[in-house]
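Please open the structure in your viewer and set the display to a cartoon representation. The tour proceeds by selection, with a short account of what each selection shows.

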Amino acid sequence: MQDNNTIHTLSSATINQIAAGEVVQRPSSVVKELMENSIDAGASKIDVVIKDAGRTLIQVIDNGKGMSATDSVKAFERHATSKIVDASDLYALTTMGFRGEALASIAAVSRVELKTRREDDELCSKVEIEGGELMSQELISGQKGTQILVKDLFYNIPVRRKFLKTNETELRNILNVFQQIALVYPSLELSLSHNGTVLFDLHKDNFRQRIAAICGTKTSKDLLPIDVDTTLVRIKGFVSTPESAVKKQPSQYFFVNGRYIQHPYFAKAIALGYDRLLPSESKPQFFIYFDIDLDKIDVNIHPTKTEVKFEDEQALFPILVSAVKRALASSCSMPTLMFDQEDRIEIPSAVTDLSAIKTPNTGFNPSYNPFSGTHTPKSKTDGWQNLYDTVKGVKTMGEPCENEYGLKPDIKSDDLGLDVKPKFSGFVYGGKYIICNSEYGVLFVNIYRASQRVWYDRLSDMMVKGTGAGQMLMFPELLELTPAENLTFRQMRNSFESVGYSFEDFGVSTYKVNAIPSMIKDSESIAIIKDIISDPDVDVNGISSVLRERLLINLSNKSAVREVTSTDMAESLVESLFNTTSPMYAPDGLPIYFTIDSNEIKRRIG
Ligand code: ADP
Ligand code: MG
């Protein structure tokens, strides 16, 4: 009888390759697993070295407890782990890894070289493994801790290699993984370099400093702390002020027991906490750290998944919402349109949606007109768009921007939904401030910051619509860049063009600048570009929204006026300010105005 059996057992090499597919999807998964191993080994310093976005080399060096010579080979066997002995240990788990799969999987699809030494051992064990097979082991001298080199990832699985994305994308994934770990372990010294360039060199920090080092001081400065302790969970962290919410790629991080997770349901809870305080389409930034008993979450987290199942998500939702509300409410340290709860003034019904939320430090109301007691809401852009159109219509090329507010906006009273436009009465004080009447009291406005905000919104709108008006240069200038600058520039070119720049390729890293935004001076146009792209942070945060934000702030700072020379200009400016998305804060987060109301005056002088 013929043997028709077709089932056979797979070789262990094949089994390892299949399993590796689950754990090692891309270079960033290797970085994650290796860094987590270093953390589990008690390292206080971890250096990550990458070449070609991880295709040719991923090296992780730690100063952790190291391994014995025997363990250094055993570590590569599937299901080899020092972290659990049996299933009951799962419930007391405090380490990042426990499945004992990572090293076996990584070794199955690359060439690995491991060097490791425990403190008390004299010699280092050096192990070489290729495609899962042990090639050599020797004892050499070397430093305490563990060093792993992962070379030629997927060299034996061409299909997987082909499946990788561009170097830029893979590097971005690595950056993300690195940042996710760095944000939970501020006490660790961490570095990351790519093709010889140091991208991160982080010292021992506290949480806020670490957030600043990773997401920029602008983000970290505008964070409000959260600290909630319930029987169910401990939640610590930070949420952004409504004014520092961003339109694109917000920093939104959840961590559970030291592990980064994504949680769209909880992200909704955070957004709900802001209620209507966010400018439209803006997203809050947050860094939320959950500390929760292991029996309240599903511990069997798949190594590559970033979702975690909470036992009691429904109960956690309102806890999060109220934590955010409380953080926002407690931030009213600054004088604002609406004062502290006790001496809060009556808010006219047209703006009750603001007062309903008891968070006074949140002045966002696009339809607010500071001079009127009652008004119908109008769209945010009407006011300044009107002003802008008027300004644009008569603007001549190269005209200095200082004059722009001298043109009175042609806002008709019915545009504002009013029968009679309330009269502006105010004056310029000390050259720098406008003091004027308003619905809620006497308004003190910083002219430069107000102008920054108006320009920021205007430019941002232009960028979104891609309608930045450019002025042709009679004599095109040359923008000569270093290769590094050019790399950054290429990512930002579109953003520059959307505000009115026009470039023409002129050699490898040289461009002819044919047009510049009409609102900046010729003499500054090249300097601004250089300024922005040579900033050391830009390279690290090579993410278009960060660059866009930087460009916007830079341009608005340069375009803003520092003084107004007539009451009409003052009126235009204040009016335009209150038609912006966020009149309370300048783009870099500084307050623009404060008010003193009649209660306050009464309190002081009866
Ligand atoms: P797991 O982390 O799930 O235990 P891994 O395959 O990642 O599985 O690692 C296997 C074992 O190798 C770990 O349990 C640990 O004992 C050891 N190990 C791995 N990396 C290191 C390191 N950087 N320092 C010390 N020991 C390590
Ligand atoms: Mg591990």
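Begin by selecting lysine 45, which counts as partly exposed because its relative accessible area is 31%, between the limits of 20% and 50%. The model is a predicted one. Add aspartate 47 to the selection: its side chain meets that of lysine 45 in a salt bridge, with 2.9 Å from N to O.

**The whole chain**

Now select the entire protein chain. The cartoon shows 19 helices and 20 strands. Of the 606 residues in the chain, 52% are buried. Switch to a surface display: the chain exposes about 28200 Å², of which carbon and sulfur atoms supply 52%. Among contacts between residues at least 6 apart in sequence, 70% join residues at least 24 apart.

**The four-stranded sheet**

Select residues 426-429, 433-438, 441-446 and 593-596, which are the strands β14, β15, β16 and β20. Together they form an open sheet in the order β14-β15-β16-β20, with antiparallel pairing. The edges are β14 and β20, each of which pairs on one side only. From one strand to the next, the twist averages 20°.

Restrict the view to β16 and β20. These two strands pair in the antiparallel sense over 4 bridges. Which residue of β20 stands opposite leucine 443? Select threonine 595 to see the partner of leucine 443.

Next, add residues 567-577, helix α18. Helix α18 lies across β14, β15, β16 and β20, and runs at about 70° to β15.

**The three-stranded sheet**

Move to residues 470-480, 502-505 and 510-517, which are β17, β18 and β19. They make an open sheet with the order β17-β19-β18 and antiparallel pairing. Here the edge strands are β17 and β18, each paired on one side only. The twist averages 20° from one strand to the next.

Keep β17 and β19 in view: 7 bridges join these antiparallel strands. Glutamine 471 can be labelled together with isoleucine 516, its bridge partner in β19.

Two helices may now be added. Residues 483-498 form helix α14, which lies across β17, β18 and β19 and runs at about 135° to β18. Residues 522-533 form helix α15, which packs on the sheet and touches β17, β18 and β19. The direction of helix α15 makes about 45° with that of β17.

**Further salt bridges**

A search of the whole structure finds 16 salt bridges. Select aspartate 121 and arginine 118, whose side chains meet in one of them at 2.8 Å, N to O. Aspartate 121 is partly exposed, at 21% relative accessibility, and arginine 118 is also partly exposed, at 35%.

Go next to helix α19, residues 598-605. Within this helix, the side chains of glutamate 600 and arginine 604 meet in a salt bridge of 3.0 Å, N to O. These two residues are 4 apart in helix α19 and are therefore separated by about one helical turn. Is each partner buried or exposed? Glutamate 600 counts as buried at 12% relative accessibility, whereas arginine 604 counts as exposed at 59%.

As the final stop, select Arg111, Glu130 and Asp152, which are joined into one network by salt bridges that share partners.

Conventions: Residues are numbered from 1 along each chain as its sequence is written. Chains are lettered from A and ligands numbered from 1 in the order in which they are written. This is a predicted model: local features need pLDDT of at least 70, side-chain atom pairs count only at pLDDT 80 or more; totals for chains, interfaces and linings use all residues. Side-chain values use heavy atoms; hydrogens and water are left out. Buried means under 20% relative accessible area, exposed over 50%, partly exposed in between (1.4 Å probe, protein chains only). Contact means heavy atoms within 4.5 Å. Accessible areas come from the Shrake-Rupley method with a 1.4 Å probe; for residues, only the protein chains shown count as cover. Two strands pair if DSSP finds at least two bridges between them. Axes are lines fitted to C-alpha atoms, for helices over the stretch in contact, and angles run from 0 to 180 degrees between N-to-C directions. A salt bridge is a side-chain nitrogen of Lys or Arg within 4 Å of a carboxyl oxygen of Asp or Glu.
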